[in-house]
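User: I am new to this structure and would like a close look at one part of it, the sheet. Please describe how its strands are joined, and then place that part in the rest of the protein.

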Amino acid sequence: RSVVEEKVFSYMEAQHMVTSGDRIVAGVSGGADSVCLLFLLLEYSKRKPLSLFVVHVNHEIRKEAGEDERFVKRLCEQEQIPFYSVHENVPKIAEKLRCSEEEAGRKVRYDAFDRIAQKVGADRIAVAHNLNDRSETMLFHLFRGSGLRGLSGIRPVRGQIIRPLLCLERSEIENYLTVRGIDWRTDLTNFGDEYTRNRIRHHVLAYAEKEIVQGCTRHLARTADLLEEIDGYLAQKAREAK
């Protein structure tokens, strides 16, 4: 078994993400992170029986969106996994809600995951955030002003939602797929600076890694872990004091 698989499976077990027989809805866009999530869950299901379902959300923003959807559908057919696609016009929804396309897209995705999870009777919803995402989110909340909870960044488990890849850096994910000969789709919007998190990724963290401390992305994620533990401890003590 690969180092990445052992790392992720140990992380899932330490965080009590799944139990034997769980029905899991996985959000798969077709990008490296979500494709890696899908294949790692498939590998994990050989160790612990799981039922997998894939949800793909077409945001109707990019002209390549239809190709992404067909790519994910083919993957699911190849692996014999039930596939659900949801189409939402995110630009129109963002206009209606008076929020950014980034925020509208997030809302649309989680609403879709919830709907399909209810439809198939899923126990868990797996999403593909990685360690870099957690560090970027932590900085985003820090810049905006936040307490302990916000500074913990993205959590490994929140209600039904699990994030098995939070222990992996982007480079580890892409290397795992390359070694296994698994293709993925590239979202060109990840390379632009339209979204706040992209600007943090391309300019703040990239600069910090190169000019301040190499490995700072991983250090930030470790700090988020510690802050999450402190937040949990304080919440537990507050409950006991009632």
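Analyst: Strands β1 and β2 (residues 51-58) run parallel and are joined by five bridges. This is read from a predicted model. Two of the pairings between these strands can be named. Arg23 has Ser51 of β2 standing opposite, and Ile24 has Leu52 as its bridge partner in β2.

Both strands are well covered. In β1, four of the five residues are buried. In β2, seven of the eight residues are buried, so the strand is largely enclosed by the rest of the structure. Buried here means a relative accessible area under 20%.

The two strands belong to a wider arrangement. An open sheet is formed by six strands, in the order β3-β2-β1-β4-β6-β5, with mixed pairing. Its edges are β3 (83-87) and β5 (157-158), each of which pairs on one side only. In the order of the sheet, β1 stands between β2 and β4.

Further along the sheet, β4 (residues 124-126) and β6 (residues 161-162) also run parallel, and they are joined by two bridges. One pairing here is that of Ile125, whose bridge partner in β6 is Ile161.

Next to β6 in the order of the sheet comes β5. The loop between β5 and β6 holds Gly159. Is Gly159 buried or exposed? Its relative accessibility is 58%, and because exposed means over 50%, Gly159 counts as exposed. From Gly159 to Val108 the C-alpha distance is 18 Å, and the two residues are 51 positions apart in sequence.

The approach to β1 from the N-terminal side also has a residue to look at. His16 is found in the loop between α1 (3-14) and β1 (23-27). With a relative accessible area of 63%, His16 is exposed, whereas four of the five residues of β1 are buried. The phi of His16 is near 50°, which is a positive value in a residue other than glycine. Most residues other than glycine have a negative phi.

Arg98 is another residue with a positive phi, about 55°, although it is not a glycine. Arg98 sits in the loop between α4 (90-97) and α5 (101-120). At 80% relative accessibility, Arg98 counts as exposed.

Two helix residues can be set beside these loop positions. The first to take up is His141, which lies in helix α6 (residues 131-144). What is the relative accessible area of His141? The value is 16%, so His141 is buried. Not counting residues up to four places away in sequence, His141 touches Ser146, Gly150 and Leu151.

The other is Leu148, in helix α7 (residues 148-151). Leu148 has a relative accessible area of 28% and is partly exposed. Which residues does Leu148 contact, leaving aside its neighbours within four places in sequence? They are Leu227, Ile230, Asp231 and Leu234. By contrast, Leu131 is 17 residues from Leu148 in sequence, and the C-alpha atoms of the two lie 18 Å apart.

The protein around the sheet can be described in a few totals. There are 10 helices along with the six strands. The radius of gyration is 18 Å, close to the 18 Å that the globule rule gives for 242 residues, so the protein is as compact as a globular protein of that length. Along its principal axes, the C-alpha trace spans about 45 × 40 × 40 Å.

Of the 242 residues, 46% are buried. Among contacts with a separation of 6 or more, 76% are between residues 24 or more positions apart. The pairing of Ile24 with Leu52 in β2 is one link between positions separated in sequence.

As for the surface, the protein exposes about 13,000 Å², and carbon and sulfur atoms supply 51% of that area. There are 38 positive and 37 negative side chains in the protein. The centres of these two sets lie 4 Å apart.

To return to the part asked about, β1 and β2 are parallel strands joined by five bridges. They lie within an open sheet of six strands, and the edges of that sheet are β3 and β5.

Notes:
Residues numbered from 1 in each chain as written. Predicted model: local features only at pLDDT ≥ 70, side-chain atom pairs only at ≥ 80, totals over all residues. Heavy atoms only, no water. Rg over C-alpha atoms; globule rule 2.2 N^0.38 Å. Buried < 20%, exposed > 50% of the residue type's maximum accessible area, 1.4 Å probe, protein only. Contact = heavy atoms within 4.5 Å. Areas by Shrake-Rupley, 256 points an atom, 1.4 Å probe, with all protein chains shown as cover. Lys, Arg positive; Asp, Glu negative; His and termini not counted. Charge placed at Lys NZ, Arg CZ, Asp CG, Glu CD. Pairing = 2+ DSSP bridges.
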